[in-house]
Amino acid sequence: MKIGIPRALYYYEHYPFWETYFHKLGFEIVLSRKTNKEIMDWGVFYAVDGACLPVKIYHGHVYDLVQKNVDYIFIPRIISVVQREYICPKFMGLPDMICSSVPNLPTVLVPVIDARRNGWKVFQAYFALGRKFASPAKVVQAYYRACKALQMKQNSPIISVKPNRLTLGILGHEYLIYDDYLTMGIVSRLKAGGYNLYTLDSFDSNLLKHFREPSFKRMFWTSGRKIINGTNYLKEQVDGFISLVAFSCGTDSLVCDLVERFCQRNQIPHLLLNLDEHTGQAGIFTRLEAFLDMLERRAVHEVNCSSHGELLHSL
Amino acid sequence: MKLTVPHMGNCYIAFEALLQEMGHEVILPPTCSKKTLSLGTKYSPETICLPMKINVGNYIEAIQLGAEGIVMIGGSGPCRLGYFAQVQKEILKDLGLDVELIVLEPAREGLKNLKDQILRLAQPKGIGSLWRGLRLAWEKQKAVELLENAACYVRPREKQLGITSRVLQASLANIRQANSIASLRRICREEQARILDLANHSPVQPLKVGLIGEIYTILESFTNLNLEERLGHLGVQVTREVSVLRWVRDHIFLSPFASYRIKRLVKQTDGYLNSWVGGHGLESVASTIQLAKADYNGIVHIMPFTCMPEIIAQSVLTKVSADLQIPILFLIVDEHTGEAGYQTRLEAFVDLLQRKQKEFQHEKATSLFGC
């Protein structure tokens with residue numbers, strides 16, 4: 001039996017879990033191709049206009065799997081992964097969106113991942129899903145192994161910090177940051193350039209819980225909470241923040257506004273890059289280079305008093 | 001303290017009654033206008049939905065009129081409404097406007113916080129005034145919705161074009177003046193009769209269209225460019241599927257039974273949408289299917305640009321529309337106020353509905369005579 005998993009959205013966070021789980025249940029796993037022009041075009045074609053770019057891309061990935069003749073496609077309905085928090089409404093309705101817009105779908109497996117109350121419901125969902133294909137003992141074992149695999153991934157070591165290089169904090173959803181096609185390779189370029197990069201998954205997720213901005217209301221989106229707390233945690237360790245946002249992302253419209261205000265008050269440089277279906281790289285890279293130039297210059301010339309007008313004379 | 005509330009259609013009548021009964025001076029923001037919109041757009045995040053932008057505009061205009069405190073509701077997700085107040089607080093702080101934001105968060109965000117805010121609102125006249133205020137506000141809202149629905153019924157049948165909306169405005173002003181429940185009920189009866197009297201009684205039934213979607217854009221006629229009125233003048237009887245009373249009943253009085261309500265709604269969607277998605281997304285799909293079964297001629301779905309729950313609804317509804325053969329017009333509103341394009345789309349939609357109805361009647365007639 002072949003099961004297709006789209007290489008988009010929660011793939012980037014939960015793939016080790018899904019891989020182990022379905023492998024133990026005896027499935028052959030088929031991934032969609034990495035995002036490319038064709039997948040993006042399919043996504044834009046099948047999705048509604050108002051959806052954000054990652055959701056559109058997801059449609060494209062599902063269609064890619066449809067063409068690979070898999071027996072099942074795995075599209076979980078992820079309501080919540082942390083207690084009392086949500087991901088985003090679009091994740092809650094994603095399977096229904098796909099089923100009503102992508103044609104010729106094989107059987108779709110839709111477990112409901114809802115950890116709002118506790119983790120027990122998540123286990124129940126995976127258990128019920130696995131019971132269709134294997135014995136109870138095997139399912140429990142697969143689930144246990146999968147949890148272990150996810151833990152191994154989450155505790156991946158923090159990147160070593162080289163001294164005299166700029167340190168940047170990359171803020172954004174993991175499904176955006178790690179998709180090289182969507183971000184036009186910004187992250188890999190920065191890595192190749194030798195910058196120290198902090199992404200939000202380089203920390204233990206519990207660590208970020210303690211760095212809540214006290215005056216803010218409890219953030220009820222998991223990714224939003226990570227971004228806000230991560231900004232607060234990293235404010236003294238980085239030279240600047242780069243926010244990668246998908247156009248018309250609902251949660252980020254508010255979260256990034258808060259981050260921007262936060263950076264302004266704390267005088268941290270912040271670059272906001274809005275990504276959409278456009279594939280023109282020149283504009284994005286020019287902005288990125290200008291930002292990096294500014295940071296480097298700031299490290300040399302900035303003094304604590306106002307530098308207005310001073311810089312020109314000193315050059 | 002002089003308090004203000006953001007606008008949402010004609011809700012200000014009930015809010016004003018509530019706060020006045022509790023002993024506050026109420027300063028309402030001026031009716032939403034292009035000025036409100038441009039103020040809001042200037043200071044709000046770029047891609048946030050229209051309701052929040054108009055809220056911010058309302059606040060700034062009310063503060064200019066002397067408001068010292070703002071009453072706003074919160075939420076606990078996943079719709080963005082729950083975080084509006086937090087961001088609005090930051091916006092007002094950065095603008096240097098010194099006002100107090102009284103945010104009524106739902107109980108699950110902390111009972112103590114909710115209790116503190118309510119006690120603060122009830123400070124001038126005691127907690128008893130809260131009960132009296134709520135009753136009066138509830139009755140006023142009921143009266144307002146009754147009159148609005150009556151107007152929707154009368155508009156396609158009105159004797160003189162545009163008279164219903166004028167009478168409705170006068171009636172709402174009378175409702176606003178009423179200060180006891182007894183007088184309110186009397187006024188409401190009179191005004192309802194006055195509005196219903198404007199209708200011509202002809203045997204031809206107008207087209208029936210259901211209005212669904214995001215609650216703010218449905219209720220606030222500035223954001224939807226007087227959608228109900230426009231449709232009414234095109235000869236369409238509009239049924240609003242979303243109302244404040246219903247929202248309060250479902251989300252406040254019946255909140256302990258929320259999971260039961262959601263299960264019932266999911267059942268109504270016939271498998272098209274199998275989960276609650278925040279906001280009114282699930283309700284939109286469920287009521288579309290109900291209306292399609294009730295032989296409505298068409299559906300108008302309206303939402304602000306980037307509204308998260310309604311994007312899901314829209315995606316699902318395209319399939320529903322094809323399967324159940326019910327025409328749906330999707331309207332996405334944002335800061336644009338160009339009316340011509342909007343009017344053209346509405347006219348085209350109504351034309352389509354009329355033609356479809358004629359064909360249907362023709363088919364019925366031919367099959368009746370065995371041709």
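The expected span of a helix is 1.5 Å times one less than its number of residues. Helix 4 of chain B, residues 81–94, offers a test of this rule in the present model, which is predicted. The helix has 14 residues and should span 20 Å; its end C-alpha atoms are 20 Å apart, so the two values agree.

Much of the interest of helix 4 of chain B lies in its surroundings. Leu81(B), Gly82(B), Tyr83(B), Phe84(B) and Ala85(B) are buried, as are Val87(B), Gln88(B), Ile91(B) and Leu92(B). The cover over these buried residues includes elements from both chains. Chain A contributes helix 11. Chain B contributes helix 2, helix 3, strand 3 (69–73) and strand 4 (100–104). Gly96(B) follows helix 4 of chain B and has a positive phi, near 75°.

Two of the covering elements, helix 2 (residues 34–43) and helix 3 (residues 50–64) of chain B, also pack against each other. Their axes lie 7 Å apart, at an angle of about 110°. Angles of 65 to 115 degrees count as roughly perpendicular, and the two helices are therefore assigned to that class. Helix 2 of chain B enters the contact through Thr36(B), Leu37(B), Leu39(B), Gly40(B), Thr41(B) and Tyr43(B). From helix 3 of chain B come Lys53(B), Ile54(B), Asn55(B), Val56(B), Gly57(B), Asn58(B), Ile60(B) and Glu61(B). By class, the residues of this contact are six nonpolar, six polar and two charged.

Contact between the chains takes 26 residues of chain A and 34 residues of chain B. On the side of chain A, helix 4 (89–101) and helix 11 (250–266) each supply at least two residues. Helix 4 of chain A gives the most, with eight residues. The side of chain A that touches chain B comprises 12 nonpolar, seven polar and seven charged residues.

Ile87(A) lies in the loop between strand 4 (77–80) and helix 4 of chain A. Ile87(A) has 24 C-beta neighbours inside 10 Å; the threshold for a buried residue is 20 or more, so Ile87(A) counts as buried. Beyond residues up to four places away in sequence, Ile87(A) touches Ile78(A), Ser80(A), Val81(A), Trp221(A) and Thr222(A). Leu244(A) is 157 residues from Ile87(A) in sequence, and their C-alpha atoms are 17 Å apart in space.

Chain A is divided into domain 1 (2–154) and domain 2 (167–314). Their centres, taken over C-alpha atoms, are separated by 28 Å. The contact between them draws 22 residues from domain 1 of chain A and 21 residues from domain 2 of chain A. On the domain 1 side, helix 1 (11–24), helix 2 (37–46) and helix 3 (53–67) of chain A each supply at least two residues. Helix 3 of chain A gives the most to this side, with three residues. The side of domain 1 that touches domain 2 in chain A divides into 15 nonpolar, four polar and three charged residues.

For chain B, the assignment gives domain 1 (2–125), domain 2 (136–204) and domain 3 (206–371). The C-alpha centres of domain 1 and domain 2 of chain B lie 28 Å apart. Their contact takes seven residues from domain 1 of chain B and nine residues from domain 2 of chain B. On the side of domain 1 of chain B there are five nonpolar, one polar and one charged residues.

Positive phi values also occur outside glycine. Gln267(A) has a phi near 55°. Gln267(A) sits in the loop between helix 11 and strand 10 (270–275) of chain A. With 9 C-beta neighbours inside 10 Å, Gln267(A) counts as exposed, because the cut-off for that class is 12 or fewer. In chain B, Asp295(B) has a positive phi of about 60° and is not a glycine. The residue lies in the loop between helix 13 (281–293) and strand 7 (298–304) of chain B. Asp295(B) has 8 C-beta neighbours inside 10 Å and so counts as exposed.

Lys112(B) is placed in a helix, namely helix 5 (residues 111–121) of chain B. With 8 C-beta neighbours inside 10 Å, Lys112(B) counts as exposed. Lys112(B) and Met72(B) are 40 residues apart in sequence, and 17 Å separate their C-alpha atoms in space.

Conventions. Residues numbered from 1 in each chain as written. Chains lettered and ligands numbered in written order. Predicted model: local features only at pLDDT ≥ 70, side-chain atom pairs only at ≥ 80, totals over all residues. Helix = DSSP H or I, 4+ residues; strand = E, 2+ residues; numbered from the N terminus. Domains from an automatic or database assignment. Nonpolar A, V, L, I, M, F, W, Y, C, P; charged D, E, K, R; others polar. Axes fitted to C-alpha atoms, helices over the stretch in contact; angles between N-to-C directions. Parallel < 35°, antiparallel > 145°, perpendicular 65-115°, else oblique.
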